[in-house]
Amino acid sequence: MFCGDYVQGTIFPAPIFDPMMDAQMLGGALQGFGCDKDMLINILTQRCNAQRLVIAEAYQSMYGRDLIGDLKEKLSDHFKDVMVGLMYPPPSYDAHELWHAMKGAGTEENCLIDILASRTKGEIFQMQEAYYLQYSSNLQEDIYSETSGHFRDTLINLVQGTREEGYTDPAMAAQDAMVLWEACQRKTGEHKTMLQMILCNKSYQQLWLVFQEFQNVSGQDIVDAINDCYDGYFQELLVAIVLCVRDKPAYFAYRLHSAIHDFGFHNKTLIRILIARSEIDLMTIRKRYKERYGKSLFHDIRNFASGHYEKALLAICAGDAEDY
């Protein structure tokens, strides 16, 4: 994806918006024994995040109760995860996902990779703030205690949000490419550190140039070189950074495809990516998915999910594209 490429989400602000009416309808849908799940889907997936937050305030003042609390109490399973996830502001949702990835039984490394390899500097700062407010805990310290080795060093580097923005230096690109090439040959601790410093701190535009130069000096694509030289989560994280630099929507299309096909429908990954990217680039992700895998994301979700869970995912996914 070249820098000027236009990306688009699937969820937009509802043009006609009445938060009091929405709050009232949600209150009705959540009352009693049953629960009108269709109503929840129709309202929450058809409003943007900022509008949902206004609805939550209206709901609180109307019923004296917390909407997220009521959704958690009334719903269950993956459908609950989707509806509750939609209610968090994006930095809070990232913080929530990171916390649960580290605090559950065993660390969910892929969640850390997906989020930290792909977020912008601004998103990372907001996420750290939200993490501290929600959990009274420091994100860097938690990553430090839950991970190890060069994987940990690279995550910490990303969380520090020190990536340059918009800056390019063609002469430096050739030098960086040589350093990367050497790091792939030598594989010492020092070389690994140099490798992650370049990938975590240079601007996306600069890294474009570095990757082209790398191809010139080594005759190999940077992703293939990393795959040949390194393994484990360190290798996965480095590759994720490279793929995000090249084409972020294509990276997420790949992650969704592997969540659906390689991990027997990994619900957490699917839900997280659909919600987090819904207002940023999910429509573009859908396009990349179809181009790369032949089947639409819509088709694959329909094949693997069911019930209101499926309906909710498809509603987030659908936007206004016709490639069902």
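Modeller: A residue is called buried when its relative accessible area is under 20%, exposed when it is over 50%, and partly exposed in between (1.4 Å probe, protein chains only). This is a predicted model, in which local features need pLDDT of at least 70 and side-chain atom pairs count only at pLDDT 80 or more, while totals for chains, interfaces and linings use all residues. Residues are numbered from 1 along each chain as its sequence is written, and side-chain values use heavy atoms, with hydrogens and water left out.

Colleague: Why is D70 called buried, and what class does R65 fall into?

Modeller: D70 has a relative accessible area of 10%, which is under 20%, so D70 is buried. R65, at 32%, falls between the two cut-offs and therefore counts as partly exposed.

Colleague: What makes the pair D70 and R65 a salt bridge?

Modeller: The term asks for a side-chain nitrogen of Lys or Arg within 4 Å of a carboxyl oxygen of Asp or Glu. The closest N and O atoms of D70 and R65 are 2.7 Å apart, and by this rule the count comes to 15 salt bridges.

Colleague: Where do R186 and E182 lie, and what joins their side chains?

Modeller: Both lie in helix α11 (residues 170-186), four residues apart, about one turn of the helix; helices are DSSP runs of H or I with at least four residues, strands are runs of E with at least two, and both are numbered from the N terminus. Their N to O distance of 3.2 Å satisfies the salt-bridge rule, and E182, at 36% relative accessibility, counts as partly exposed.

Colleague: How do you know that D300 has no salt bridge?

Modeller: Lys and Arg count as positive and Asp and Glu as negative, with His and the chain ends not counted. The nearest side chain of opposite charge to the buried D300 is K295, 6.1 Å away, and that distance is not within 4 Å. D300 lies in helix α18 (residues 297-304).

Colleague: Why is α14 called roughly antiparallel to α15?

Modeller: Axes are lines fitted to C-alpha atoms, for helices over the stretch in contact, and angles run from 0 to 180 degrees between N-to-C directions. The axes of α14 (residues 222-229) and α15 (residues 232-261) come within 9 Å and cross at roughly 175°. Under 35 degrees counts as roughly parallel, over 145 as roughly antiparallel, 65 to 115 as roughly perpendicular and the rest as oblique, so α14 is roughly antiparallel to α15.
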